[in-house]
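Me: I've got a model open and want to talk it through before I set anything up. Can we go over it together?

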Amino acid sequence: MERGNAMTYEKEIPDYAMVLAKEIEDRKITPITKGAIYSPVQVTNITEKPKTTITLEEDILVPDTKPDLKEILLIDGKPRLTVRQIDSITKGDDSINLSGEIELQMLYIPEKSENSLPVISVQSRVPFKDRWHTPMSAGATVILDSSIEKIDYMVINERKYRVKIVLEIMAREYSDSKVDIFEGLIEEDLQTLKETVEISSVSMRKKDTLSIKEDILPKDSSKPEAIIKQDLTIVENYKQISTDKVVINGFIYVNILYMSSSKDDGISDVSGENKCSSDILHQLQDRIEFTQFIPVSSGEEKKGCTVNFDDSQLHVKLIQGEEEKDVFRVEGEILTYIELYKNTEKEIIVDGYHRNKDFVCKFEEKSSRAFVGTTSSEASSREIITLETFEADKILYACAQAETAISHCEQGKIITEGTIDVKMICSCSNEERQVFAVNEALPYRVAVTMPQLTGNEIISHKVYIKDIWAEKINGKQLEFNAAVIVFADVMRPSPFKILTEPAFEESCTKGKIPPMVIYICKKNDSLWQIAKSFKTTCSLIKTINDLETDELSENQKLLILK
């Protein structure tokens with residue numbers, strides 16, 4: 001075999017290749033097992049998991065009590081997770097069991113409108129079950145959330161329709177740990193450089209319920225006979241945190257499409273002819289204010305609180321109220337989830353040395369966040385919608401939902417942008433058709449000023465649509481108005497390093513530092529670096545050289561005494 005330029009062991013190993021081995025051979029490390037001072041700090045590491053989607057496809061039958069289906073006007077829905085919070089993740093778990101159901105509301109035009117409503121409603125539930133594979137930390141808590149990304153539908157026949165739903169699942173992992181922070185050594189002249197970090201932890205999670213029972217009078221003098229569609233949205237107004245309770249004030253926004261008639265037959269006028277849709281269908285919008293008091297443990301100062309509502313136990317029903325008048329009753333329970341945060345400011349040792357001994361250590365990086373606060377902002381959305389197919393006689397119903405939104409920091413502001421999915425039902429000027437649907441995706445942009453922003457914050461947002469209003473301009477143009485409100489929870493990454501494995505090193509190869517030297521400063525030198533290099537102190541260098549500040553300039557001469 002030809003050896004070529006192979007290196008021989010005896011003669012050709014360069015000198016620099018022997019340096020590391022020589023230092024290791026002459027070095028002795030003595031771990032410090034006694035005299036080290038530590039203080040524990042509670043840390044919550046928060047991470048957002050990449051979103052996942054579940055695609056559901058199901059055929060749904062029209063109930064026997066309903067007329068044949070001709071055309072679907074609109075479908076929307078709300079997802080309901082069976083389990084929202086998973087506690088104490090077991091080591092080795094890499095998947096989450098997902099289950100729940102989607103509540104669908106569908107409105108359609110019947111095959112024959114004679115002696116029936118122009119719009120028919122069908123409520124149905126689509127169950128889902130899946131297994132989401134994602135890495136998780138042992139002992140962590142995972143909070144789940146869900147939203148509907150898209151619903152496609154088609155009519156199969158007069159008694160069956162098909163829906164295809166794309167369900168989006170979000171997860172946030174909270175990993176709590178107690179970190180021991182190295183504070184120093186007893187009876188040792190250890191010089192330390194410290195930085196102050198702000199560390200957040202979740203001090204409490206709590207679920208609370210509030211019972212609601214409120215009546216809403218119908219619109220004008222109409223006599224309601226049936227609820228066609230109902231939408232409920234719970235929006236936080238303000239919250240107040242004290243040592244022993246959290247007070248939450250909010251509104252339930254109610255949007256109802258209902259059938260009414262002043263006659264017993266419900267669908268015929270005095271001449272016996274069918275009433276038009278504008279006489280039968282009505283929209284009612286209102287809001288109910290509530291205040292909730294949630295007791296919490298006292299004795300800890302809270303930095304902030306995040307709030308989430310679950311309206312799955314809340315509904316509207318038509319009842320007979322006082323004086324035998326029909327009213328809409330909103331009743332059920334609001335499920336309120338709160339997370340309380342506390343922030344701890346801690347001085348962390350980021351470097352250290354001993355004046356008379358060789359001090360060595362390692363540093364371990366920890367992930368953390370600092371809770372900055374919560375904020376909210378509201379903006380108006382106004383758009384003119386141009387109709388292409390039909391001419392509108394009257395707007396009978398309008399609803400809207402916020403679609404996928406993105407939030408980012410920009411020059412001291414939080415900017416949230418997305419689209420509003422607008423759905424309307426209009427009566428038609430064309431005599432051959434009673435009603436038609438309008439579907440539009442309209443853009444929105446909400447900005448809120450937050451002076452403490454630095455630009456690297458992590459923003460979690462909730463977007464709500466309220467105060468919906470629509471008006472006909474002419475047969476081909478409709479005006480849509482709504483208020484878009486954004487709630488943002490703001491956190492800042494706050495990673496830090498902790499000093500670990502403190503030890504003293506003894507070396508036979510290192511020379512001694514002279515007791516007095518003149519040092520010429522280089523560019524970007526710091527007082528701490530110079531003091532560490534010569535095993536003196538920053539205060540001693542400043543005293544000897546009459547320095548008033550820690551600022552140094554290039555080529556500045558310093559007298560260094562050991």
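What follows is a short back-and-forth on confidence, strands, a pocket and a cavity.

Me: Which element of the protein chain has the highest confidence, and which the lowest?
Reply: Keep in mind that this is a predicted model. Overall, the mean pLDDT of the protein chain is 87, with 90% of its residues at 70 or more. At the bottom end, helix α1 (residues 19–26) has a mean of just 42. At the top, with 96, is strand β3 (residues 52–61).

Me: Where does pLDDT stay under 50, and how many contacts beyond four places in sequence does the model have there?
Reply: One such stretch is residues 1–25, where the model has six contacts beyond four places in sequence. Another stretch under 50 is residues 263–274, and for that one the count is 21.

Me: How is the open sheet with β23 ordered, and which are its edge strands?
Reply: Three strands make up this open sheet, paired antiparallel in the order β18-β23-β22. An edge strand pairs on one side only, and that describes β18 (369–386) and β22 (458–474).

Me: What's the average twist from one strand to the next in the sheet β18-β23-β22?
Reply: The pairing in β18-β23-β22 is antiparallel. From one strand to the next, the twist averages 10°.

Me: Over how many bridges do β18 and β23 pair, and which residue stands opposite T374?
Reply: β18 and strand β23 (residues 477–493) run antiparallel and pair over 17 bridges. Across from T374, on β23, is D489.

Me: What about β19 and β20: how many residues lie between them, and which turn residue has a positive phi?
Reply: Strand β19 (residues 392–410) and strand β20 (residues 413–428) are antiparallel, joined by 15 bridges. Within that pairing, A402 stands opposite I420 in β20. The two strands form a hairpin with two residues between them, and the turn residue with a positive phi, about 55°, is Q411.

Me: And how many residues does the hairpin from β20 to β21 run through?
Reply: β20 also pairs antiparallel with β21, again through 15 bridges. M424 sits opposite V438 in β21. The hairpin joining β20 to β21 goes through six residues.

Me: Which strand gives the largest share of the lining of the second largest pocket?
Reply: This pocket has a volume of about 460 Å³. Of its 21 lining residues, R80, E103, Q105, Q230 and L314 are the closest to the centre. At least two lining residues each come from β4 (69–81), β6 (95–110), β7 (120–133), β11 (224–241) and β15 (314–320). The largest share, six residues, belongs to β11.

Me: How do the residues lining the second largest pocket divide into nonpolar, polar and charged?
Reply: The residues closest to the pocket's centre include R80, E103 and Q105. Across the lining as a whole, the split is five nonpolar, eight polar and eight charged.

Me: How many cavities of 30 Å³ or more are there, and which strand gives the largest share of the lining of the largest cavity?
Reply: The count comes to one cavity of 30 Å³ or more, and the largest cavity has a volume of about 40 Å³. β18, β20, β21 (435–449) and β23 each give two or more residues to its lining. The largest share, three residues, is from β18.

Me: How many charged residues line the largest cavity?
Reply: The lining includes T375, S376, I414, V446 and A488. By class, it holds five nonpolar and four polar residues, and the number of charged ones is: no charged.

Key: Residues are numbered from 1 along each chain as its sequence is written. This is a predicted model: local features need pLDDT of at least 70, side-chain atom pairs count only at pLDDT 80 or more; totals for chains, interfaces and linings use all residues. Side-chain values use heavy atoms; hydrogens and water are left out. pLDDT is the predictor's confidence in each residue, from 0 to 100. Helices (H or I, at least four residues) and strands (E, at least two) are DSSP runs, numbered from the N terminus. Contact means heavy atoms within 4.5 Å. On a 1 Å grid over the protein atoms alone, a cavity is a set of points where a 1.4 Å probe fits but cannot get out, and a pocket is an open set with protein on both sides within 12 Å along at least five of seven lines; lining residues have an atom within 4 Å of a point. Grid points are joined across faces, edges and corners, and a volume is the space filled by probe spheres set on the points. Ala, Val, Leu, Ile, Met, Phe, Trp, Tyr, Cys and Pro count as nonpolar, Asp, Glu, Lys and Arg as charged, and the others, Gly among them, as polar. Two strands pair if DSSP finds at least two bridges between them. Axes are lines fitted to C-alpha atoms, for helices over the stretch in contact, and angles run from 0 to 180 degrees between N-to-C directions.
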